[in-house]
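Please open the structure in your viewer and keep the selection panel at hand. The stops below go from enclosed space to a helix, then to strands, and then to open pockets.

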Amino acid sequence: MNNIIKPYNEVDSSKKSEVEQMFNTIAPKYDLLNHLLSLGIDRSWRNKAIESLSAIQPLENILDVATGTGDMAIKICKKYKKNVVGTDLTAGMLEKGNEKVKAEGLDNLISLMKADSEDLPFDSDSFDAVTVAFGVRNYGDLDKGLSEMSRVLRKGGRMTILEFSRPRRFPMKQLYLFYFRYILPMLGGLISKDRRAYEYLPESVLAFPDGEEFEKHLMAVGMNPIKRISLTCGIATIYISDKI
């Protein structure tokens, strides 16, 4: 379902290529808009997702897929003082991420690299934990991306996915839809100069299989969902699963 929704809806281009193009365009303002448009709540969401990794032992090697500008990788590294590899499809986002990693003095523990989530350049069973924050709905092929994440995760390892979801209850559902459809594209477009990127965001969220439907995709690639945490009245969800 999420494969149909593309950032620019060009006839002769793939979702993957359009996502890469979009993030290269908005990379300079990405962090500012993330925190502004979420009113800063995205920071606490990431912190809560990262806490789920503490139950995994040993926890030595961690992979953050669709790392973007490295926010998740940096937070994980600061909390656990372990090696973190971050991958992303977009060179512009990784450039910003590397600047942040160096500024934090973490370049000895964090390695950011360009890689396709559907073809990860790592051996099977390489990582103790794999994370993704707000990235899986942008995969060109959701099941292939999840399968690759599962492949590189060792047996008993943990996969933690933080993703937008859809509130179900009044009045949050109505407020959320109004903000997502009208306010977010206007503000995002003004600041990033790419309004379509911030029209795509709500479209991709509304088309994405959340809740139990998403957990079915996890089970199909050998993961055992153990906990689902709804955040801020259902605006986002943390999916925690372990590899069988």
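In this predicted model, begin with the largest cavity, which has a volume of about 360 Å³; the structure holds one cavity of 30 Å³ or more. To find this cavity, select Phe-23, Ala-66, Thr-67, Asp-88 and Gly-135, which lie nearest its centre among the 32 residues of its lining. Then colour the lining by residue class, and you should find that it divides into twelve nonpolar, eleven polar and nine charged residues.

Which elements should be shown around this cavity, each of them supplying at least two residues of its lining? Show α1 (15-26), α2 (30-37), β1 (61-65), α4 (71-80) and β2 (83-88), and give particular attention to α1, which contributes the most to the lining of the largest cavity, with four residues.

Next, select α4, which is largely enclosed by the rest of the structure, because seven of its ten residues are buried. Those buried residues are Asp-71, Met-72, Ala-73, Ile-74, Ile-76, Cys-77 and Tyr-80. Just after α4 comes Lys-81, whose phi is positive, near 55°.

While Cys-77 is still on the screen, add Cys-233 to the selection and compare the two: is each of them buried or exposed? Cys-77 is buried, with a relative accessible area of 1%, whereas Cys-233 is exposed, with a relative accessible area of 56%. The structure holds zero disulfides.

Now move to strand β7, residues 236-243, where eight of the eight residues are buried. If you display the side chains, Ala-236, Ile-238, Ile-240 and Asp-242 point one way from β7, while Thr-237, Tyr-239, Ser-241 and Lys-243 point the other way, and all are buried.

Add the two strands that pair with β7, taking each in turn. Strand β5, residues 153-164, runs antiparallel to β7 and is joined to it by seven bridges; to see one of these pairings, select Glu-163, whose bridge partner in β7 is Thr-237. Strand β6, residues 223-231, also runs antiparallel to β7, and here eight bridges join the two, with Arg-228 standing opposite Tyr-239 in β7. β6 and β7 form a hairpin with four residues between them, and in the turn you can pick out Thr-232, which has a positive phi of about 50°.

Leave the strands for the largest pocket, in which about 570 Å³ of space lies. Of the 30 residues that line this pocket, select Leu-37, Ser-38, Phe-164, Phe-180 and Leu-184, which are the closest to its centre. Around them, show α1, α2, α3 (41-51), α7 (172-192) and α8 (195-207), each of which supplies at least two residues of the lining of the largest pocket; α7 gives the most, with seven residues. Coloured by class, the lining of the largest pocket divides into 24 nonpolar, four polar and two charged residues.

The last stop is the second largest pocket, which has a volume of about 230 Å³. Among the 14 residues that line this pocket, those closest to its centre are Arg-166, Arg-168, Ser-230, Gly-234 and Thr-237. β6 and β7, which you have already shown, are the elements that give two or more residues to the lining of the second largest pocket. That lining divides into three nonpolar, five polar and six charged residues.

Note on methods: Residues are numbered from 1 along each chain as its sequence is written. This is a predicted model: local features need pLDDT of at least 70, side-chain atom pairs count only at pLDDT 80 or more; totals for chains, interfaces and linings use all residues. Side-chain values use heavy atoms; hydrogens and water are left out. On a 1 Å grid over the protein atoms alone, a cavity is a set of points where a 1.4 Å probe fits but cannot get out, and a pocket is an open set with protein on both sides within 12 Å along at least five of seven lines; lining residues have an atom within 4 Å of a point. Grid points are joined across faces, edges and corners, and a volume is the space filled by probe spheres set on the points. Ala, Val, Leu, Ile, Met, Phe, Trp, Tyr, Cys and Pro count as nonpolar, Asp, Glu, Lys and Arg as charged, and the others, Gly among them, as polar. A disulfide is a pair of cysteine sulfur atoms within 2.5 Å. Buried means under 20% relative accessible area, exposed over 50%, partly exposed in between (1.4 Å probe, protein chains only). Two strands pair if DSSP finds at least two bridges between them.
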